[in-house]
Amino acid sequence: MKKLCLLLTLWAAPVAAQDVSIPFTKYELSNGLTLIVHEDHSVPMAAVNVWYHVGSGYEEPGRTGFAHLFEHIMFEGSANVPEGDFDNLLEAAGGVNNGSTNSDRTNYYEIIPSNAVKLALWLEADRMGGLLETMTDSKLDLQRAVVKNERRQSYENRPYGIFFASVDSLLYPTGHPYSWSTIGSMDDLSAASREDVSEFFRRYYSPNNAVVAVAGDVDAEEVRATAERFFGWIPSGPVITPPDIPIPPIPETRYVTLEDRVTLPQVNLIWRTTPAFSEDAAALNALAQILASGKNSRLYKRLIYDEQVAQNLYAYNDARLLSGDFYVQVTGRESVDLEILDRAVREEIAKLAAEPPTAEELQRVKSGIQTGLVGSLESVAGKANQLNAYYYYTGDPDFSQEELARYQALTPADIQRAARTYLTNENSVVVSVVPMGQLELATNEEVAR
């Protein structure tokens with residue numbers, strides 16, 4: 001508790017300059033594998049974090065969901081690791097592991113005692129170079145069924161899941177890499193053959209399309225030698241060029257209504273913004289928090305505290321490799337007309353566009369964001385992941401200091417400009433999710449069934 005209080009006090013100073021850099025050593029193996037190592041000898045722990053530069057945004061129409069499917073298959077055994085032993089070996093060494101997939105990348109990581117780093121690197125190398133040796137139709141069918149069940153749990157049978165199942169195709173034109181969900185469609189998953197998914201793996205899961213970040217109680221040169229030993233034999237794959245597509249505009253403001261098995265109505269307003277780590281990203285993130293983060297935010301005070309028409313709300317700027325989208329989601333009280341919530345959100349944005357936030361208001365938000373950034377770098381796992389993220393999106397694994405400086409430099413005028421540029425009088429997609437049979441609560445009459 002004392003440490004947390006000290007940290008919050010530290011960030012309360014509006015011009016405090018802090019060193020949040022992550023010193024690193026970067027190597028490139030002859031097969032193209034990039035290795036980034038950060039030494040942190042504070043505790044005898046380490047993290048191995050692998051990013052494959054492939055996510056659902058690298059897929060093609062009719063072949064969606066493959067990146068996420070491999071997030072599951074990668075744990076089901078490889079050339080020298082029988083099915084189940086990936087987890088068993090790490091757990092026996094005192095480690096944990098997991099993975100995740102989004103539109104831009106697939107991530108696998110291990111958090112282990114530092115004396116188990118070689119084990120983690122060997123396991124990662126074995127599935128990079130030897131996964132297809134153990135691929136069978138039955139293994140594919142089993143994981144396909146697991147992913148389909150996950151889709152049912154996350155979309156079909158989840159309150160407001162219909163919104164998440166629909167929003168990508170509403171925001172992006174047909175064929176755009178962001179126009180389908182990361183989990184893919186049921187039809188594409190059903191149609192995928194073993195050769196289809198094997199070809200996807202051969203194309204994208206190669207050393208020259210991967211970055212291994214290791215952070216913790218390690219010696220950089222020893223890690224390099226270990227990586228050479230375990231990964232060096234794996235041949236390079238095809239050269240992968242990230243998608244390069246102009247940011248598509250939202251051509252017109254569109255209202256869509258979806259019915260769901262829920263009791264409270266919800267409205268989602270979405271505007272197009274800019275890619276991750278763009279010059280305006282910091283201002284947009286701060287704007288989202290001024291609107292909807294915490295009880296002192298403008299929408300919370302108006303809709304939940306004063307008018308008492310909303311149950312909960314949040315806002316965030318979803319910035320990715322190719323584009324960005326600014327979300328405001330408000331769940332209303334029972335039977336509340338969503339037009340009231342829609343209008344209130346737009347009015348609060350208009351106020352920020354007309355008059356910037358106070359310096360005190362902005363500093364409160366900046367302090368929270370900066371505290372979160374520092375917090376993400378307090379563990380070796382957080383450092384390893386940030387090294388990978390910064391490298392992927394900016395080309396600089398140690399972008400943390402520059403990111404912090406961007407937030408520290410924000411002015412009220414920057415927030416006002418962001419509201420004017422991206423949200424005021426700009427086209428948006430507005431999605432109402434209403435209880436079954438209560439279409440009259442939606443913001444307009446257009447209905448998508």
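In the predicted model, five strands form an open sheet in the order β7-β11-β8-β10-β9, and their pairing is mixed. The edges of this sheet are formed by β7 (254-260) and β9 (310-319), each of which pairs on one side only. Averaged over the sheet and with direction ignored, neighbouring strands are turned by 15 degrees against each other.

Within the sheet, strand β8 (residues 266-272) and strand β11 (residues 428-435) run antiparallel and are joined by six bridges. Along this pairing, Asn268 stands opposite Val431 of β11. A helix is also associated with the sheet: α10 (residues 281-292) lies across β9 and β10 (324-332). Relative to the edge strand β9, helix α10 runs at about 180 degrees.

Strand β8 also contains Gln266. The relative accessible area of Gln266 is 3%, and this residue is therefore classed as buried, the cut-off for that class being under 20%. The side chain of Gln266 is joined to that of Thr331 by a polar contact of 3.1 Å. When neighbours within four places in sequence are left aside, the residues in contact with Gln266 are Tyr160, Gln329, Val330, Thr331, Leu338, Val431, Ser432 and Val433. Val431, which is listed among these contacts of Gln266, is also the residue of β11 that stands opposite Asn268. Thr331 likewise appears among the contacts of Gln266, in addition to its side-chain polar contact with that residue.

How values were computed:
Residues numbered from 1 in each chain as written. Predicted model: local features only at pLDDT ≥ 70, side-chain atom pairs only at ≥ 80, totals over all residues. Heavy atoms only, no water. Pairing = 2+ DSSP bridges. Helix = DSSP H or I, 4+ residues; strand = E, 2+ residues; numbered from the N terminus. Axes fitted to C-alpha atoms, helices over the stretch in contact; angles between N-to-C directions. Contact = heavy atoms within 4.5 Å. Buried < 20%, exposed > 50% of the residue type's maximum accessible area, 1.4 Å probe, protein only. Polar contact = N/O pair within 3.5 Å; in protein donor to acceptor, adjacent residues only side chain to side chain.
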